[in-house]
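Colleague: I'm new to this one, so please take me through it a question at a time.

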Protein chains: 2
Amino acid sequence: MGFFKKIFSKNPRLPQEGGIFFEELNKMLGFVPLDLDHYRRAFTHRSSNKVDENGHPVNYERLEFLGDAMLGSVIAAHLFKQVPTGDEGYLTKMRSKIVSREHLNELGRDLNLIKWVESKVSAQHFGENIHGNLFEALVGAIYLDRGFEYCEKFIQKKVVQPYVDIAKLEGKVISYKSLVIEWCQKEKKTFNYEVYEDNGKEGQKHFAIKLTIGGRVVSRARATSKKKAEEKASQRAFFAFQEKINKK
Amino acid sequence: MGFFKKIFSKNPRLPQEGGIFFEELNKMLGFVPLDLDHYRRAFTHRSSNKVDENGHPVNYERLEFLGDAMLGSVIAAHLFKQVPTGDEGYLTKMRSKIVSREHLNELGRDLNLIKWVESKVSAQHFGENIHGNLFEALVGAIYLDRGFEYCEKFIQKKVVQPYVDIAKLEGKVISYKSLVIEWCQKEKKTFNYEVYEDNGKEGQKHFAIKLTIGGRVVSRARATSKKKAEEKASQRAFFAFQEKINKK
């Protein structure tokens with residue numbers, strides 16, 4: 001009886017249990033969260049003064065420690081496999097660029113994790129680092145809920161694919177937009193970056209950009225700022241052209 | 001045809017392929033290594049000047065980076081689960097004690113990993129840190145060969161179980177041997193630590209200790225030094241007595 005009670009009360013798929021939090025989390029994660037308690041804790045700020053049945057504080061700070069470690073090892077494995085020529089020093093340097101405080105803050109901000117924070121102080125008192133801290137705590141919660149492989153998939157999808165561009169991190173490419181513009185000027189082609197979606201006024205900012213070269217739409221991209229969406233669209237155009245060049 | 005050729009040439013279970021290295025490695029790991037190349041690399045010192053088909057150096061230094069990251073996250077997860085009362089600062093401090101250079105050197109030395117090293121300089125020129133470096137590289141090789149969960153099992157068996165005693169790391173218990181002696185003196189009981197096996201002259205040192213209290217053998221332990229074996233036997237006796245006390 002206790003078993004069934006536990007199953008039902010823990011089943012986040014029941015709307016009364018997880019509600020909107022479950023729906024939105026599920027969408028953002030790309031998989032079903034099994035134990036919502038881990039995620040609730042990942043968004044509980046210490047100012048909420050929550051404690052568990054033994055009087056221990058419940059907030060995301062311990063999860064930050066766990067998530068930081070998981071992030072470090074997933075990125076280490078990614079770089080190890082991706083850059084077979086990089087020595088230990090190179091790998092260490094590249095990893096610290098990827099998991100820098102600045103980068104993690106950007107990640108957390110783009111995912112708008114702060115909307116889920118439970119706290120007793122208002123959001124403007126948090127400071128910049130809360131975005132990165134929440135991102136780390138979320139990774140920790142994923143590890144506890146679903147294990148290392150889900151952690152790895154999530155980090156691949158949310159960190160590696162959108163952010164980890166090794167050429168750019170190495171400083172070889174500063175901006176894909178400037179490469180595209182340079183190429184258009186050299187090839188005497190017109191180009192245009194057009195915002196075709198902008199819901200920047202809502203909670204989570206969101207822009208969609210269409211890049212037209214020589215009158216033809218060559219790529220589209222969405223991001224949380226116009227600048228980032230332009231850069232993403234440029235990168236896509238750049239790689240599309242590279243492929244064409246290589247096929248010749 | 002190529003497929004079968006690859007299967008057979010890579011099967012380390014065939015004695016001509018893996019030989020003694022496979023047998024010994026299998027025994028030490030506690031599972032079957034699938035791709036011996038990862039482990040061969042984990043024991044290749046840079047002085048061997050090996051390169052792959054593309055001219056890139058083949059040695060264990062990149063694997064050290066990977067193993068260090070895996071070790072960090074496995075120990076983080078262990079501490080997170082084991083010490084629910086520890087805050088972020090506590091967890092960080094405890095982890096750095098466990099994965100300290102000194103500790104890793106001890107681990108590598110106890111496993112006698114150096115016997116597998118392929119190098120062009122003689123072993124006495126390596127310095128102390130090679131033991132820990134080889135241990136990290138081995139963990140990296142396990143990750144590449146069998147994934148995170150095997151890494152976790154190996155670290156549990158070789159690091160956590162024999163070495164991670166949280167009370168001791170916290171400085172609450174300095175030595176179980178002294179606790180046992182103190183207790184015997186208080187209870188007016190005779191005690192004796194006896195070495196009953198000693199093959200310290202062979203490659204891998206090995207001692208077995210029998211602890212007798214009040215004329216009765218209460219525990220036995222093996223380790224790579226007499227001192228460690230005595231401490232292990234004392235710890236076992238201590239926990240056995242604790243259980244008895246709690247049962248009363």
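Modeller: Happy to. Two strands pair if DSSP finds at least two bridges between them; strands (E, at least two residues) and helices (H or I, at least four) are DSSP runs, numbered from the N terminus. What you see is a predicted model, where local features need pLDDT of at least 70 and side-chain atom pairs count only at pLDDT 80 or more, while totals for chains, interfaces and linings use all residues. Residues are numbered from 1 along each chain as its sequence is written, chains are lettered from A and ligands numbered from 1 in the order in which they are written, and side-chain values use heavy atoms, leaving out hydrogens and water.

Colleague: Which residue stands opposite Leu211(A) in S3(A)?

Modeller: Start with the sheet: three strands of chain A form an open, antiparallel sheet in the order S1-S2-S3. Strand S2 (residues 207–213) of chain A pairs with S3(A) over seven bridges, in the antiparallel sense. Across from Leu211(A), in S3(A), stands Ser219(A).

Colleague: Which strands of chain A stand at the edges?

Modeller: The sheet of chain A is open, with the order S1-S2-S3. Each edge strand has a single partner, so one side of it is left without a neighbour in the sheet. Those strands are S1 (191–198) and S3 (216–223) of chain A.

Colleague: What pattern does chain A follow along the sequence?

Modeller: Chain A has eleven helices and three strands. Written out in order, that gives α-α-α-α-α-α-α-α-α-α-β-β-β-α.

Colleague: Which residue of chain A has the C-alpha nearest the axis?

Modeller: Chain A lies on chain B with an RMSD of 0.1 Å after a turn of 180 degrees and a shift of 0.0 Å along the axis (copies are superposed by least squares on C-alpha atoms of residues with pLDDT of at least 70 in both). The two copies are therefore related as by a two-fold rotation axis. At 3.3 Å from that axis, the nearest C-alpha in chain A is that of Ser73(A).

Colleague: How do H4(B) and H8(B) stand to each other, roughly parallel or roughly perpendicular?

Modeller: Helix H4 (residues 61–82) and helix H8 (residues 148–163) of chain B pack at about 70 degrees, with axes 10 Å apart (axes are lines fitted to C-alpha atoms, for helices over the stretch in contact, and angles run from 0 to 180 degrees between N-to-C directions). Under 35 degrees counts as roughly parallel, over 145 as roughly antiparallel, 65 to 115 as roughly perpendicular and the rest as oblique. So H4(B) and H8(B) are roughly perpendicular.

Colleague: Is His103(B) buried or exposed?

Modeller: His103(B) sits in helix H6 (residues 101–110) of chain B. Leaving aside residues up to four places away in sequence, His103(B) touches Lys97(B), Ile98(B) and Tyr163(B) (contact means heavy atoms within 4.5 Å). Buried means under 20% relative accessible area, exposed over 50%, partly exposed in between (1.4 Å probe, protein chains only). With a relative accessibility of 11%, His103(B) counts as buried.

Colleague: And what value is phi of Lys188(A) near?

Modeller: Most residues other than glycine have a negative phi. Lys188(A) lies in the loop between helix H10 (176–186) and S1 of chain A, and at 76% relative accessibility Lys188(A) counts as exposed. Its phi is positive although the residue is not glycine, near 55 degrees.
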